[in-house]
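Colleague: Got a minute to go through this model with me? I'd like to start with the pockets.

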Amino acid sequence: MKVIETIAGIRQLRQQLTGLVGFVPTMGYLHDGHLSLVKHAKAENPSAVVSIFVNPTQFGPREDLASYPRDIPRDLSMLEQVKTDIVFMPQATEMYPPRYSTWVDLEKVTERLEGESRLGHFRGVATIVAKLFNIVQPTRAYFGQKDAQQCVVIKKMVADLNMNLEVVVLPTVREPDGLAMSSRNTYLKPDERQAALVLYRTLKLAQKLWSQGEKDAHRIRRAMIELIEQEPLAEVIDYVSIADAETLEELHEITPPALVSLAVKIGKPRLIDNIVLE
Ligand code: AMP
């Protein structure tokens, strides 16, 4: 496994790769959700590149950039175990040198949900992903459905800016009890970890009501909110949304595919999860 820390280094290595290149951008502190993306990238392309970069520009001023979990030795050993070829770990100072001033800003699909709660988040995400795509020049890039709006944003950016690559979205990997894997789950205290199950339970309730024939999005949202409110540690419900899976516009009557998503603060950590009603 080659670990490269400079842009010049990864460019040089990239020139030697012939054939398809799969790419998995991450912020590290890896778990099986990340590894599922890496395994697909490896299986579907002769070469796979994984990046680890905690991107400062996608964190708001009151967010957890400083405390975001990091463990590079552990990440590298996990990547070694799944036989990753190339790891790219750039320095923030090289990605954002002094007087850095170019940003990728998407309209509409960034305006609600995560974009509304985390101002500037998707500007940071789109910018770093565009930069990484330019540096790594992948044929295919792999993202997790866990961050559903991020997938919509990246696909739109790739289409709008005519980027020459395929975006592959893979299912959310969950713990055995249903909690979506996330690097931020490490923040949860034992009682919060238990309370966090309310997110998946709420999504399953929406799925059940929909499969029983309920098409009124408002009624399903209300039932979801009532269920979350029964969990005392679910302190703040940021949003509960049933939206068109492509435009992310909120629905009155559900027409599939619809993205059911939610963001809830459980104690300190803010957790997100989603399912798609097909
Ligand atoms: P992050 O390190 O949180 O930026 O995530 C890197 C990539 O892994 C993103 O495409 C995420 O959507 C994806 N990812 C994170 N958690 C999961 C999960 N539980 N299942 C599948 N993919 C995930």
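Colleague: Which residues lie nearest the centre of the second largest pocket?

Modeller: V152, A245, E246, T247 and L248, out of 23 lining residues. A pocket here is an open set of points on a 1 Å grid over the protein atoms alone, where a 1.4 Å probe fits, with protein on both sides within 12 Å along at least five of seven lines. Lining residues have an atom within 4 Å of a point.

Colleague: Before we go on, what kind of model is this?

Modeller: It is a predicted model: local features need pLDDT of at least 70, side-chain atom pairs count only at pLDDT 80 or more, and totals for chains, interfaces and linings use all residues. Residues are numbered from 1 along each chain as its sequence is written, and side-chain values use heavy atoms, with hydrogens and water left out.

Colleague: Fine. How much space lies in that second largest pocket?

Modeller: About 570 Å³. That volume is the space filled by probe spheres set on the points, which are joined across faces, edges and corners.

Colleague: Which helix gives the largest share of its lining?

Modeller: Helix α7 (residues 148-160), with 6 residues. Helices are DSSP runs of H or I, at least four residues, and strands are runs of E, at least two, numbered from the N terminus. Domain 1 (2-170) and domain 2 (183-273) each supply at least three residues of the lining. Those bounds come from an automatic or database domain assignment.

Colleague: Now the ligand. Which residues come nearest?

Modeller: M27, H34, D147, V173 and M181, out of 17 around the ligand. Being near takes a heavy atom within 4 Å.

Colleague: What about polar backbone contacts?

Modeller: Those are N or O pairs within 3.5 Å. Ligand oxygen atoms are involved at M27, at 2.9 Å, and at G144, at 3.0 Å. At V173, a polar backbone atom is 2.8 Å from a ligand nitrogen. The protein covers 92% of the 490 Å² of accessible area that the ligand has on its own. Areas come from the Shrake-Rupley method with a 1.4 Å probe.

Colleague: Which element gives the most to the shell around the ligand?

Modeller: α2, with 3 residues. β2 (21-26), α2 (32-44) and β5 (140-144) each supply at least two.

Colleague: Last topic, the backbone. Which peptide bond is cis?

Modeller: P256 to P257, with omega near -5 degrees. P257 sits in the loop between β7 (234-244) and β8 (258-266). Also look at K83, a residue other than glycine with a positive phi, near 60 degrees. K83 is in the loop between α3 (72-81) and β4 (86-88).

Colleague: Why flag those?

Modeller: Because most residues other than glycine have a negative phi, and most peptide bonds are trans.

Conventions: A polar contact is a pair of N or O atoms within 3.5 Å; within protein, one must be able to donate a hydrogen and the other to accept it, and residues adjacent in sequence count only if both atoms are side-chain atoms.
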